[in-house]
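The exercises below are meant to be worked through with the sequence and the coordinates side by side. Each task is followed by a solution that proceeds in steps.

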Amino acid sequence: MFLFNRFVLTLFFILTATISMGKTLLKNGRFYGLPNVSSVECKDGRILSFNPNHSNFYESTIDLKNGWVYPGFIDGHMHLTGLGWALETLDLVGTPDKLSIISIVKKATLNSPKGRWIQGRGWDQNDWENQTYPTALDLDRVSAEHPVVLRRIDGHALWANTKAMKIAGISNKTIEPDGGKILYDKSNKPSGIFIDNAMDLITAFIPKSTEEDKYRQTVKAQTLLNSLGITSVHDAGVGVNDISAYKKLIGENLLTVRIFAMLNDSPEDVEFFLENGPVTQKPFLTIRTLKVYMDGALGSRGAALLEPYSDDPKQSGLLFMDKNNLSSIVKKFNQAGFQVNTHGIGDKAIRIILDAYEDSGEKEMRNRIEHAQIVHPNDINRFKELGIIPAMQATHCTSDMPWADERLGEERLSRAYPWQSFAQLGIPVPGGSDAPVEFPDPLVGIYAAITRQDSSGWPEGGWQPQERLTLEQAIHMYTLWPAYASFEENDKGKIELGYFADFTVLDKPLSDENPKMILKTKVTHTIVNGKVVYQAYDESK
Ligand SMILES: [Zn+2]
C-alpha cells in the first residue's frame, strides 16, 4: 500500500511537473488595468492565467520587482532594417550647422578606403541658422576621393557630393523624374540636392544591401527597440532580402520583436505574395499589406497640399501617382487579401487617397493612410465612414512644430496632426516613430501625444493643444490601436488571457500629472513571447 501510494505520488508529481513544463511565471508586477493581479502565468508565448498558485513548478520565474507592467509597446510605423542601417551610418541628427556635418564626413573619409560610399542621415537645414540647402561643393573639399550621400532627416531629400554625382552621370542635361526635383545652383548646374524620386538618380548607384547586411541590421535594430520596451513593429516597406533575413532569425529563434511587414511596391517584392496570398497566423511575422507612396514630406516641401506652401507660393508639393493609378492598385491588392497602406502627408494627397479607397477599397481590409499629417476638416469624417486608419507619429508633430507654421500658414495649422479629431470619432490612431526618422522611444511618443510640447516643455500649453490626446488614448496609440491596424487586436495590445505574453515593464507608472516624468521613466524589462529580451539591470547583482 505504502509503495503503491508512493508510486501514485511520484506519478502525480511527474505528470504535474510535465504539465507545468514550458511555463513561465511573471511575479511581483503591477499590471496596467488589472489592480488585483500581481503575477501572470505564460505558456507557449501566451498568457495562461492570472495570480496562479506560486507553488506550481515553473521552467522560469521572472521577478518584476514591483515594476509597472504594460501591454508590450508596438511601433505602428517604422523601418526595421532602415533603423539598423541608420545605426551603421553617420548620424547627423541634431547637427547644428553645415560645418559640423562637414567635419563628421571628413573624419569618416579618413577611416574609409578611397572610392567607398559614405552615407549618412539626419541633417535638417531647418535647424540651422542659415536655412538654405547645402551644396555638393560644401562636401567636396573634404571628400574628393569618396562618393558621399547624406539623407535629410525625413528621408525625402539627398545631399550628394560631386564624386557621387559623377558616378551617377548627373549633369545639367539630367531629366527630373516624375515626383522628383533636382535643385540647381546659380550657374544652372545640379547643386547636389535631390528631392523625393530624384534621389533614385544617385542611390541607384550605391551597392545594394545584401541579405547578410539586412540580418545584421535587424539584430542591431531589435536590440535598441527591445531596450525601449518595444515588442512589435509595423515595418513600413520590406523587400525579399528583408524577409529572408527575418525568416533566418526566426529559424534560429533569435528574432525578439514581432514584425508586421508592409511589402514594397515593386514587382520582385510582391510577385510571390500576390500568387501565394497573405502570410498570417505566424506569431513573429505577418505579411498581408502593401505600402505605396502618394506624396513626399512637409520638411522638403514634397507633401502635396490643396493650397500652395505659405513660404513658397510657387510650390504645392509632389504627387507620385494619380487617383486611378492608386485605385487599380487598391482593387488588385484588396481583392487578393492585402491591406493597402499609402503614405499621405499633405491634405491634397490624403484627399486623393481617400477617393481611391472609396472607389476601389474594401472596408474590411482596414486600408491605412501613413502619417496623415495635414487633413482637410471635410475629410476627417471620411476616415470613419470608409473605415480608413490614420497611422500617425506623435514626434513628427513635435519635431515639425517649430517650422510648420511657415510652411502652412496660420489658418491651416489647425489641420495639422489632428489626432484628437480622429480619436473623438472612435477612429483608432496607431502611433509610431517612423524610425530612423525619429528616435523610436514610445515614452517620448506618449509624452508628445499628451503634451504637443518638446522635451523642454515648449510651447507652453502645447502646440495646437486641442489635438492633444489623453494619457489613456496615448497608451492605446502604442498598444491597442496598432494591434487593430494590423488585424491583431485579438492577440496583442492588451493584457488578457490568451493574448501574447508581450510586456513592457516600467520603473514608474505612466501619469499625466507631471508629463515630464514620462521622459524620466525607465524600461526595466521587455518581455516578448514570455521571454525576457531586455532587462535594465544585472540579475546577479
Ligand atoms: Zn516611414
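**Exercise 1. State how many helices and strands the protein has, and decide whether its radius of gyration agrees with that of a compact globule.**

Step 1. The model, which is a predicted one, contains 18 helices and 20 strands.

Step 2. For 541 residues, a compact globule would have a radius of gyration near 24 Å, and the protein has 25 Å, so the two values agree.

Step 3. The box filled by the C-alpha atoms, taken along the principal axes, is roughly 105 × 55 × 50 Å.

Step 4. Of the 541 residues, 51% count as buried, and among contacts with a separation of 6 or more, 72% are between residues 24 or more positions apart.

**Exercise 2. Give the strand order of the open sheet of seven strands, and explain why one side of β3 and of β20 is left without a neighbour in the sheet.**

Step 1. The order is β3-β2-β1-β4-β18-β19-β20, and the pairing is mixed.

Step 2. Because β3 (46–50) and β20 (531–535) stand at the edges with a single partner strand each, one side of each is left without a neighbour in the sheet.

Step 3. On average, neighbouring strands of this sheet are turned by 40° against each other, direction ignored.

Step 4. Within the sheet, β18 (residues 503–506) and β19 (residues 523–528) pair in the antiparallel sense over four bridges, with V505 standing opposite H525 in β19.

Step 5. The loop between α17 (480–485) and β18 holds F500, which counts as buried because it has 27 C-beta neighbours inside 10 Å, where 20 or more are required.

Step 6. Apart from its neighbours within four places in sequence, F500 is in contact with G45, R46, D491, K492 and N529.

**Exercise 3. Describe the open sheet of six strands and the helix α3 that packs on the sheet.**

Step 1. The six strands follow the order β6-β7-β8-β9-β11-β10, with mixed pairing.

Step 2. At the edges are β6 (90–91) and β10 (180–184), each of which pairs on one side only.

Step 3. Strands β7 (residues 118–123) and β8 (residues 148–152) pair in the parallel sense over five bridges, and Q119 stands opposite V149 in β8.

Step 4. Helix α3 (residues 98–110) packs on this sheet, where it touches β6, β7 and β8, and its direction makes about 155° with that of β7.

**Exercise 4. Identify the residues with the most contacts inside the largest nonpolar core, and the helix that gives the most to this core.**

Step 1. The largest nonpolar core has 144 residues, and those with the most contacts inside it are A160, F194, I202, I353 and I446.

Step 2. Helix α11 (residues 347–360) gives the most to this core, contributing seven residues.

Step 3. Eleven of the 14 residues of α11 are buried, including I350, I352, I353 and L354, and the buried residues pack against α10 (323–335), β15 (339–344), β16 (368–371) and α12 (377–386).

Step 4. At 1.5 Å a residue, α11 should span 20 Å, and its end C-alpha atoms are 20 Å apart, so the length agrees.

Step 5. Another member of the core, F194, touches A157, L158, A160, I182, M199, L201 and I202, not counting residues up to four places away in sequence.

**Exercise 5. Establish whether the two faces of β13 are covered or open.**

Step 1. In strand β13 (residues 258–263), six of its six residues are buried.

Step 2. One side carries R258, F260 and M262, the other I259, A261 and L263, and both faces are covered.

Step 3. Strand β12 (residues 230–238) pairs with β13 in the parallel sense over six bridges, and V233 stands opposite I259 in β13.

**Exercise 6. Locate the cis peptide bonds at P436 and P459, and the positive phi values of A372 and D434.**

Step 1. Most residues other than glycine have a negative phi, and most peptide bonds are trans.

Step 2. A cis bond joins A435 and P436, with omega about 10°, and another joins W458 and P459, with omega about -10°.

Step 3. P436 is in the loop between α14 (419–424) and α15 (442–451), whereas P459 lies in the loop between α15 and α16 (471–477).

Step 4. D434, in the loop between α14 and α15, has a phi near 60° and is buried, with 26 other C-beta atoms within 10 Å.

Step 5. A372 has a phi of about 40°, is found in the loop between β16 and α12, and counts as buried because it has 30 C-beta neighbours inside 10 Å.

Technical notes: Residues numbered from 1 in each chain as written. Predicted model: local features only at pLDDT ≥ 70, side-chain atom pairs only at ≥ 80, totals over all residues. Pairing = 2+ DSSP bridges. Axes fitted to C-alpha atoms, helices over the stretch in contact; angles between N-to-C directions. Rg over C-alpha atoms; globule rule 2.2 N^0.38 Å. Buried ≥ 20, exposed ≤ 12 C-beta atoms within 10 Å, placed from the backbone. Contact = placed C-beta atoms within 7 Å. Core = buried A, V, L, I, M, F, W, Y, C linked by C-beta atoms within 7 Å. Expected span 1.5 Å × (residues − 1).
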